[in-house]
Amino acid sequence: MNAATFTPKNIIVTGGCGFIGSNFVHHVVREHPEVHVTVLDKLTYAGNPENIAGLPEDRVELVVGDICDADLLDRIVPGHDAIVHYAAESHNDNSIADPRPFLRTNVEGTFQLLEAARRHGVRYHHVSTDEVYGDLALDDPARFTEDTPYHPSSPYSSTKAASDQLVRAWHRTYGVAATISNCSNNYGPYQHVEKFIPRQITNILMGRRPKLYGDGRNVRDWIHTEDHSSAVWEILTRGRLGETYLIGADGERSNIDVLRAILERMGRSSDDFDWVRDRPGHDRRYAIDATKLRRELGWEPAHTDFAAGLDATIAWYREHEEWWRPVKEATEAKYAEQGQ
Ligand code: NAD
Ligand code: TDX
């Protein structure tokens, strides 16, 4: 059942200056010394070259550019043997305020990368999200599997769903050598302060109150970003072409439980937060069944102690104020406009 092992030497990582992409670049540099990485990143508000600063120059090269730029892709893709596609507009709240960049980067950008993969005969791995499946009820015993029908709710998740479908079509129609992964909510270092966990940690570090949407009972299935990276590597190198693999680490938790854990671990009272306006269309629950990935590729998460992962993440934000401070005010100003 296992496909032959693919041994890439020269990969392009799109979005390698963002949260999950940069963690993947660190993972590859550390675990796979034979591999050279070209990061292609537009450096939007979410991209920061500091995320990959200090990595050896002979192993990692940064090309600043747009995945929608077909001429640029024709210049850089030859000579590489795989594209690992992380670049995206990634934040649901932003997609609700202004969906246009999500259509361009997530749909048009994926189309341009698939066309480049086709023209230059390189392998393609598509990084996507469990949000393409919509949501589950809190009392539903079901979890998402690779066979769950697509049912996205937000402008963000609908553009990710569209991009997944393009990958399937390009594989079946043109034979592009592609794999897809859909992962649950990531946490860890280098995550932008617009996202739930870093927003609350940095609010507390600044003496501000965390903000909880709606009734706080929404459930997310948390995975450490390092475990996401190891799974993507397994799928890229040993996954079957044309297949989708769900990535998750059995980390379901309600938002209020996560927030209370952060408050307690940071020495604050567990009710020291503000209830704020709910996100329109807010998905209730995500949950991943990663049986296929575990059985077929033997992958296992290493960071299964959520409390320890949270402590390490809190420590990282405490120690890297110079990294998050410059973007904190602008992020909070956006939230203030939205009543959140
Ligand atoms: P992020 O917003 O932190 O980073 C996105 C990166 O893409 C940034 O460096 C940005 O500069 C770059 N980028 C944006 N538009 C670009 C363009 N047009 N051309 C080139 N670069 C561009 O995102 P993230 O949270 O690290 O997510 C990375 C990927 O993982 C996304 O595809 C997302 O859908 C997926 N994903 C995220 C999560 C999560 O929990 N954050 C979970 C599952 C899947
Ligand atoms: O201040 C907040 N208060 C709050 O209650 C923020 C920013 C969020 N929330 C809630 C909304 C969600 O239920 O916390 C939960 C997590 O929110 P986000 O961090 O915005 O993540 P989510 O919308 O679940 O999407 C994330 O996981 C799937 C990523 O941002 C996506 O890129 C990924 O595809």
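In the predicted model, H228 is buried, with a relative accessible area of 2%. This histidine belongs to helix α7. When residues up to four places away in sequence are set aside, H228 touches I20, V127, C183, N186, I223 and I247. One of these partners, I20, falls within the range of helix α1, which covers residues 19–31. Helix α7 itself runs over residues 225–238 and is among the elements against which the buried residues of α1 pack.

The chain as a whole contains 11 helices and 13 strands. Its radius of gyration is 19 Å, close to the 20 Å given by the globule rule for 340 residues, so the chain is as compact as a globular protein of that length. Along the principal axes, the C-alpha atoms fill a box of roughly 55 × 45 × 35 Å. Of the 340 residues, 56% are buried. Contacts between residues at least 6 apart in sequence were also examined, and 82% of them join residues at least 24 apart. The accessible surface amounts to about 13,700 Å², and carbon and sulfur atoms account for 49% of this area. The side chains include 38 positive and 52 negative ones, and the centres of these two sets are 2 Å apart.

Helix α1 consists of 13 residues. The distance from its first C-alpha to its last is 18 Å, close to the 18 Å expected at 1.5 Å a residue. Because 10 of its 13 residues are buried, α1 is largely enclosed by the rest of the structure. The buried positions are F19, G21, S22, N23, F24, V25, H26, H27, V28 and V29. Several strands pack against these buried residues, namely β1 (10–14), β2 (36–41), β3 (60–64), β4 (82–85) and β7 (186–187), and helix α7 does so too.

Helix α5 covers residues 155–174. Its 20 residues should span 28 Å at 1.5 Å a residue, and this agrees with the 28 Å between its end C-alpha atoms. Buried residues in α5 are Y156, S157, T159, K160, A161, S163, D164, L166, V167 and W170. The cover over them includes two helices, α3 (92–97) and α4 (100–120), and two strands, β5 (123–129) and β6 (178–183). Just after the helix, G175 takes a positive phi of about 75 degrees.

P155 also lies in α5. This proline is partly exposed, with a relative accessible area of 28%. Apart from its neighbours within four places in sequence, P155 is in contact with S95, I96 and P99. The C-alpha atom of P155 is separated by 8.4 Å from that of L103, although the two residues are 52 residues apart along the chain.

Further positions were examined in the loops. S90 is located in the loop between β4 and α3, and it is partly exposed, with a relative accessible area of 29%. Beyond residues up to four places away in sequence, S90 touches F102, Y156, E194 and K195. Of these, Y156 is one of the buried residues of α5. Between S90 and D69, which are 21 residues apart in sequence, the C-alpha to C-alpha distance is 19 Å.

D139 is found in the loop between β5 and α5. With a relative accessible area of 70%, D139 is exposed. Its C-alpha atom lies 9.6 Å from that of R285, and the two residues are 146 residues apart in sequence.

Positive phi values also occur in residues other than glycine. L43 has a phi of about 55 degrees and is placed in the loop between β2 and β3. The relative accessible area of L43 is 29%, and the residue is partly exposed. For D250, phi is near 55 degrees, again a positive value in a residue that is not a glycine. D250 is situated in the loop between β11 (244–247) and β12 (252–254).

Technical notes. Residues are numbered from 1 along each chain as its sequence is written. Chains are lettered from A and ligands numbered from 1 in the order in which they are written. This is a predicted model: local features need pLDDT of at least 70, side-chain atom pairs count only at pLDDT 80 or more; totals for chains, interfaces and linings use all residues. Side-chain values use heavy atoms; hydrogens and water are left out. Helices (H or I, at least four residues) and strands (E, at least two) are DSSP runs, numbered from the N terminus. The radius of gyration is taken over C-alpha atoms; the globule rule is 2.2 Å times the number of residues to the power 0.38. Buried means under 20% relative accessible area, exposed over 50%, partly exposed in between (1.4 Å probe, protein chains only). Contact means heavy atoms within 4.5 Å. Accessible areas come from the Shrake-Rupley method with a 1.4 Å probe; for residues, only the protein chains shown count as cover. Lys and Arg count as positive and Asp and Glu as negative; His and the chain ends are not counted. The place of a charge is taken as NZ of Lys, CZ of Arg, CG of Asp or CD of Glu. The expected span of a helix is 1.5 Å times one less than its number of residues.
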